[in-house]
Amino acid sequence: MNINTAYFAGGCFWCMVKPFDTFDGIETVTSGYMGGNVDHPTYEQVKSGTTGHLETVKIEYDVALMSYHKLLEIFFSVIDPTDAEGQYQDRGSQYRTAIFYTNEDQRETANQYIESLKSTIDKDKAVATKVLPVMPFYEAEAYHQDFYKKNPERYAEEAAQREAIKRQREQ
């Protein structure tokens, strides 16, 4: 097996795990924090919006079964790349979107994907998703891991709210 790692910030990490976790080739999806100025932040610190961290998922995937391009397709299917203030019902700097690349190939692929995406969005909007170099990743507390499995009813409520807002914005 040839395992690679990708990092995506797409709003609340609770909503970012399941979309990736359901594909063949995904070995693990871990919720955590990246991009801030505090070592080993807690959820309470990050959710305050004062640490500079984004809620991020770390994805370990088998490159024989899953491509980085496919990961980008999944990522962009569940976010609003034009929202610079957060995602759907989750507002604040900690919920902004970003791709944290681990190597030059990931950076180039992400930038090319975003460039191709620009032709599909409203000309009055801009892509707000940043492509940034990887930074230290801090794993979130245990109760945040596999949230959709541990709390299916609450996850379903969050996902339904997110989907309703997504549909409303698309109209």
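**Stop 1: helix α1**

Select W14, C15, M16, V17, P19 and F20: these are the buried residues of α1 in this predicted model. Of the 8 residues of α1, 6 are buried, so the helix is largely enclosed by the rest of the structure. Keep F20 highlighted. F20 is in contact with F8, which is the next centre of attention.

**Stop 2: strand β1**

Show β1, residues 3-10. Here too 6 of the 8 residues are buried, so β1 is largely enclosed by the rest of the structure. Now look at its partners. β1 pairs with β3 in the antiparallel sense, over 6 bridges. To find the register, pick N4: its bridge partner in β3 is Y61. β1 also runs antiparallel to β6, joined by 4 bridges. There, F8 stands opposite I99 in β6.

**Stop 3: F8 and the largest core**

Centre on F8. Leaving out residues up to four places away in sequence, it touches F20, E55, T56, V57, I59, Y68, L71, L72, F75, A98 and I99. Which residues have the most contacts inside the largest nonpolar core? They are F8, F20 and L71, in a core of 37 residues. At least two core residues come from each of β1 (3-10), α1 (14-21), β2 (26-34), α2 (43-47), β3 (54-62), α3 (68-78), α4 (104-117) and α5 (147-150). Colour α3 separately: its 7 residues are the largest share of this core. Then add M34, L54, F100 and F137. They are among the 7 residues of another core, which lies apart from the largest one. In general, nonpolar side chains in soluble globular proteins tend to be buried together.

**Stop 4: A98 in strand β6**

Move to A98, found in strand β6. Is A98 buried or exposed? Its relative accessibility is 1%, so it counts as buried. Beyond the residues up to four places away in sequence, A98 touches Y7, F8, A9, L54, F75, T129, K130 and L132. Next, draw a distance from A98 to A128. The two are 30 residues apart in sequence, and their C-alpha atoms lie 8.4 Å apart in space.

**Stop 5: β6 and β7**

Show β6 (residues 97-101) together with β7 (residues 130-133). The two strands pair in the parallel sense over 4 bridges. Stay on A98 for the register: K130 stands opposite it in β7. Now add the helix α4. β6, α4 and β7 make a right-handed β-α-β unit.

**Stop 6: helix α4**

Isolate α4. This helix has 14 residues and reaches 20 Å from its first C-alpha to its last, close to the 20 Å expected at 1.5 Å a residue. Select its buried residues: Q106, A110, Y113, I114 and L117. Look down the helix axis. These buried residues fall within an arc of 95 degrees, so they line one face of α4. The general rule is that an α-helix has 3.6 residues a turn, so residues three or four places apart point the same way. Turn to the other side of α4, where D105 and Q112 are exposed.

What do the buried residues of α4 pack against? Switch on β1, β3, α3, β6 and β7: these are the elements they pack against. That brings the view back to β1, whose bridges to β3 and to β6 were shown at the second stop.

Definitions and conventions:
Residues numbered from 1 in each chain as written. Predicted model: local features only at pLDDT ≥ 70, side-chain atom pairs only at ≥ 80, totals over all residues. Heavy atoms only, no water. Core = buried A, V, L, I, M, F, W, Y, C linked by side-chain atoms within 4.5 Å. Buried < 20%, exposed > 50% of the residue type's maximum accessible area, 1.4 Å probe, protein only. Contact = heavy atoms within 4.5 Å. Pairing = 2+ DSSP bridges. Right-handed = clockwise from strand over helix to strand, strands pointing away. Expected span 1.5 Å × (residues − 1). Arc of directions from axis to C-beta.
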